[in-house]
Each structure stands twice: as structure tokens, then as C-alpha cells.
Amino acid sequence: MSIEPSVRVEDKLFYNRYLVDAGRAHIKVRPHTTPSPELLSMLKACPARCYELNDKGQVEITVDGCIECGTCRVICEGSGDIEWSYPRGGYGVLFKFG
Amino acid sequence: MIEEKFDAIVVGAGMAGNAAALTLAQRGLKVLQLERGEYSGSKNVQGAILYADMLEKLIPDFREDAPLERHLVEQRFWMMDDRSHTGLHYRSDDFNEERPNRYTIIRAQFDRWFSQKVREAGATVLCETTVTELAQDAYGKVIGVRTDRADGEIHADVVVLAEGVNGLLGTRAGLRKRPTADKVALAVKEMHFLPRETIEARFNLRGDEGMVIEAAGTISRGMTGMGFIYANKECISLGIGCLVADFQRTGETPYGLLDRFKRHPSVAPLIEGSEVKEYAAHLIPEGGFKAIPQLYGEGWVVVGDAAQLNNAIHREGSNLAMTSGRIAAEAIFQVKSRKDPMTAENLSLYKKMLDESFVIKDLKKYKDMPALMHTQSQNFFLTYPELVSKAMQNFLRVDGTPKVEKEKTTFKSFIKARSWSGLFGDAFRLARAWR
């Protein structure tokens, strides 16, 4: 088997259209010192790779590329790690095909 | 605040919401439909296959102007290991009929058309409006909704929750629980564009004929999941989905899975040279009959994906959504016609009617399948596909080995992998869950 090329999610998100609601993130990560296992799993499970680890080892979210699937809500809302809403009307991802 | 009071508010403009809003408006009710996207369809994601029968019940002459892609004449089921697939294909010229049964569609375009029909029937459709919570009276009865628009409380006799798989409003109001990670799948999908002639040549299609491939096996890396490839007119919808709990457990990435599926030697030639124009992700209800929540209450009903109405075995969802939306609307119309209030007792008519339809009957038939597939994922998605591939190759490869020995080798490989009791147990469990 050949070596697997690394997948760049950023390139995939580039195909999509978004209307970003600047300054109003629809998902917020609760401040923490050590991330829970649920929150850590989002580094891999988020299909838009919105979740990243900062240099202090905490999980941060950038919602600009969010495709509004709800996976992080299913995994992390119950443990209180995140607050999850839909973007304001008209904002967020705008699917051309869906 | 919008002073006007409506007979019904429909939250969401997907398949279920549009079916409900259309039916209510056709029956003469005063309907407000709220949608958070810039138009109906701009937030909606599906494979997508449209089932004509369920749409005909709403819009009999839909074929005249609906944006349909291809009518399906062929279905391929693939059981895949890393280098092969064993296929079961069904193709029939009977599907080239005057009123075809299934079509591929592109949801953003289809839903926009559907929404136009809802408007033409007389409903008020308000887009770019996110409903933030349900408005309830002191007794908990739902009396309307609050939106993110200024002074956004709007009242109605009944609220139809067609809010999709995430079902945020119902959860916030305590009407049902948030879906858990073992009851929903995450699917990712890309739209691959190719010239029409190329698609037709690669998939053996003529004119508007279409085909779909549903694939399972090692592509899901031992997780419970499936891949799909749907031929549209000038593009191919290609995606893969697995249970959220499995992603969480394994640390596999959805995009990594998608790209491996695309590079599979059986798949890569089909999309070679294509231009990708969109990457989407969506949750799919997978819990089946046992995951269906409370469907009605004081002043509300829930329809479609928000009610977890999805048949994971047959890959059907949009038809269950449309049908539940239509039936909920018909129940509401009957209650309204009798001049009765929209109480839980009166709205239980919706559940009664739904129970009698194919929606609940089908989900009931497969009530044990989700648990079986989810607990036996290693066997059904890794072990068996690999065994079948080896058996097929052993059968086909001509190398001087006597056939008797070849058969022995195949039998031994099955026994070694699963043991006699394991094989019989799997067959028995599958048969029992299927019946």
C-alpha cells in the first residue's frame, strides 16, 4: 500500500459558501484547564476540523468553517463542555447543492 | 411581535416541514413556516434519493416542473474489502416507466422548488429566521415560537416541529432528549462534477437513466457505516457515514474515511478527473423504532428527522419525513375541522394515523436491526466482507488447485474467523432481526 496522503479539510471547506456572523460564534467551548475526553474527541470527529488544541493543551473552536452538522452537540453538550446553537437566520454555511 | 395569530407554525423547511406546510395550506389553514436558511434547501443535506409515491400524494403532477436529476434503473450493493468489492446489482428496464418510482435529486434545488409550491398553496414562508425557543404558557402548553428577529414572538394554535435531526427546540423545551452518539450517524459528502456523457459512459446509463451504489465493508474501518455513490445528471454525490459513537471511540476522521473511500480501486476510476464543488456533513437518525420520541403534546407535533423517523436498513428517510409531515397536517386539519382545541389528547390522532402507515410499520419490522448492527460492527463490516472477498477470489482464480481443496480452504477460513456457533449465531440473529 502506498503512503496515505494527508487530507486537508481546509481545501474541502474552500468549495463551500459561508456568511460569517462576525463576533457571534454559534458554538462556544466552556473555559477549562484540562479538556474532557469528549472535547478531545472533537479534534478528530468534527468533519470541518473546527476544534483545535492551543499551545496550553486546551481545546478551542473556530466556527467560521462549521457545516452545522451537530456532531459536537451530540458528543459534548451533555457533559457541559460546549454551548450549541444554530447561527442567526441567514448566517452560516449556505449550501449550493446540499 | 407579530400580532397576527396563525392556525399553525411550521418550524423548518426540509422535506417534513414542506410537506406539512403544503398540506395545511392546501386545507385552507393559516400557516406560517419559518426557515433559518436564506431559502428552503440552503441548510438541507441528503444523498439524495426522492421517492415518487410519497411526493405524488402531495403534488400529483410534480414531474412537470420539479428539478429531478435521474430516474433510477439500477441499484448496486457492494460489499467491500480494501482491494475488491463483491456486488449484487439489480437493473431493470421496467424502471424506465412513464412515472418512475425513484429519482436522484439535489436538495438545495429541489427544496427551493418544493417551497415555491408551499407559497403557491397560500402559506407564509419566512426565511433567514432562526427559531430560538418555543413559547409556552404557564401550564407548559406550546402557544408559539420565539425567533432571533427583534420582538420575535409569534403565536399559533399548534406548532409543527420539522426542525431536523438535531431537534434543538424540542430538546430545549424538554419535549424529548438530545439524540445520543449511538443513535445518530455522521455522514460526509462531496459533489463531484463531470460532463454528462462521462457519467453516462462510466455508469452504463442512457438519457436520464440513473443508478446508485450503496457500499459497506472495510471502508468503514470496523465501524457501523455505509458509503454511497449516486449518479446525478452532471455530477456524482459521493459520501460515507458512520455512527457518531464509533467516530468517538475509534478516533477516525470523517474526511479521512471519505478520502480513503474515494481512493478505493473500485471507486477511484468512477470519479477520475471530476471537479469537487461542495463538501457537506449531516447527521442521520439510526436508532430506528426504539429511538422514536414522544410525537405529540399540548400544542405541538414533531415530524421527520426530528422524530428520528429514518429507515437505516433501506436507506429511506425523506419519504418518511414527507409522509409524517403530511399525516401530521391531516390530523391537525381534522382536529381543527371539529373545532376542537390542539390538546395532546386530540393531537394523538397524528400518532394513531402514523402507526397505521408504512412509516411506523417499517420501523417496527426492523426494530432489532440497529442494536445488532451496532454491537456486531466488527463482524458485519470487517470480518465478513474480507471472508467473502477471499472466497470469491478463491473461486475465480484458476491456479491448478483442485476445486475440492479450494472449497475446503474457503470453509475453513469462515470457521476459523467466526467458528460454527458464531456463524450460526450471526445468521440466526440477522434472520430474527430481519423478519
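The exercises below, with worked solutions, concern a predicted model with chains A and B.

**Exercise 1. Overall form of chain B**

Task: State how many helices and strands chain B has, and decide how its radius of gyration relates to the globule rule.

Solution.
- Step 1. Chain B holds 14 helices and 17 strands.
- Step 2. For 435 residues the globule rule gives 22 Å, and the radius of gyration of chain B is 23 Å, close to that value, so chain B is as compact as a globular protein of that length.
- Step 3. The C-alpha trace of chain B spans about 85 × 50 × 40 Å along its principal axes.
- Step 4. Buried residues make up 50% of the 435 in chain B.
- Step 5. Taking contacts in chain B between residues at least 6 apart in sequence, 72% join residues at least 24 apart.

**Exercise 2. Helix 1 of chain B and its two partners**

Task: Classify the packing of helix 1 of chain B against helix 3 of chain B and against helix 9 of chain B, and give the handedness of each crossing.

Solution.
- Step 1. Two packed helices are described by the angle between their axes and the distance between the axes.
- Step 2. For helix 1 (residues 15-26) and helix 3 (residues 107-120) of chain B, the axes come within 9 Å and cross at roughly 20 degrees. Angles under 35 degrees count as roughly parallel, so helix 1 of chain B is roughly parallel to helix 3 of chain B.
- Step 3. The crossing of helix 1 of chain B with helix 3 of chain B is left-handed. Helix 1 of chain B contributes Asn18(B), Ala21(B), Leu22(B) and Ala25(B) to the contact, while helix 3 of chain B contributes Asp111(B), Phe114(B), Ser115(B), Lys117(B) and Val118(B). Sorted by class, this contact has 5 nonpolar, 2 polar and 2 charged residues.
- Step 4. The axes of helix 1 and helix 9 (residues 318-337) of chain B come within 7 Å and cross at roughly 30 degrees. Helix 1 and helix 9 of chain B are therefore roughly parallel to each other.
- Step 5. Helix 1 of chain B passes helix 9 of chain B with right-handed crossing geometry. Residues of helix 1 of chain B in this contact include Met15(B), Ala16(B) and Gly17(B), and those of helix 9 of chain B include Ser318(B), Ala321(B) and Phe333(B). The class count is 11 nonpolar, 5 polar and 2 charged.

**Exercise 3. Helices 13 and 14 of chain B**

Task: Decide whether helix 13 and helix 14 of chain B are roughly parallel or roughly antiparallel, and break down their contact by class.

Solution.
- Step 1. Helix 13 (residues 377-396) and helix 14 (residues 403-434) of chain B pack at about 155 degrees, and their axes are 9 Å apart.
- Step 2. An angle over 145 degrees counts as roughly antiparallel, so helix 13 of chain B is roughly antiparallel to helix 14 of chain B.
- Step 3. The crossing of these two helices is left-handed.
- Step 4. From helix 13 of chain B the contact includes Leu387(B) and Phe395(B), and from helix 14 of chain B it includes Phe414(B) and Ala417(B). Its residues count as 5 nonpolar, 6 polar and 4 charged.

**Exercise 4. Where chain A meets chain B**

Task: Describe the contact between the chains, then place Val9(A) and Val165(B) and classify their burial.

Solution.
- Step 1. Chain A supplies 30 residues to the contact and chain B supplies 43. In chain A, helix 1 (9-13), helix 2 (37-45) and helix 3 (71-77) each give at least two residues to the side that touches chain B. Helix 3 of chain A gives the most, with 5 residues. That side of chain A has 15 nonpolar, 8 polar and 7 charged residues.
- Step 2. Val9(A) lies in helix 1 of chain A. Val9(A) has 19 C-beta neighbours inside 10 Å, and therefore counts as partly exposed. Beyond four places in sequence, Val9(A) touches Ala48(A), Arg49(A) and Tyr255(B).
- Step 3. Tyr255(B) is one of the buried residues of helix 7 (residues 254-263) of chain B. The cover over the buried residues of helix 7 of chain B includes helix 1 of chain A and strand 11 (184-193) of chain B.
- Step 4. Val165(B) sits in the loop between strand 10 (153-161) and helix 4 (168-172) of chain B. With 23 other C-beta atoms within 10 Å, Val165(B) is buried. Contacts of Val165(B) beyond four places in sequence include Gly70(A), Pro179(B) and Leu283(B).

Note on methods
Residues are numbered from 1 along each chain as its sequence is written. Chains are lettered from A and ligands numbered from 1 in the order in which they are written. This is a predicted model: local features need pLDDT of at least 70, side-chain atom pairs count only at pLDDT 80 or more; totals for chains, interfaces and linings use all residues. Axes are lines fitted to C-alpha atoms, for helices over the stretch in contact, and angles run from 0 to 180 degrees between N-to-C directions. Helices (H or I, at least four residues) and strands (E, at least two) are DSSP runs, numbered from the N terminus. Angles under 35 degrees count as roughly parallel, over 145 as roughly antiparallel, 65 to 115 as roughly perpendicular and the rest as oblique. A crossing is left-handed if the near helix is turned anticlockwise from the far one by less than a right angle, and right-handed if clockwise. Two residues are in contact if their C-beta atoms, placed from the backbone, lie within 7 Å. Ala, Val, Leu, Ile, Met, Phe, Trp, Tyr, Cys and Pro count as nonpolar, Asp, Glu, Lys and Arg as charged, and the others, Gly among them, as polar. The radius of gyration is taken over C-alpha atoms; the globule rule is 2.2 Å times the number of residues to the power 0.38. A residue is buried if 20 or more other C-beta atoms lie within 10 Å of its own, exposed if 12 or fewer, and partly exposed in between; C-beta atoms are placed from the backbone.
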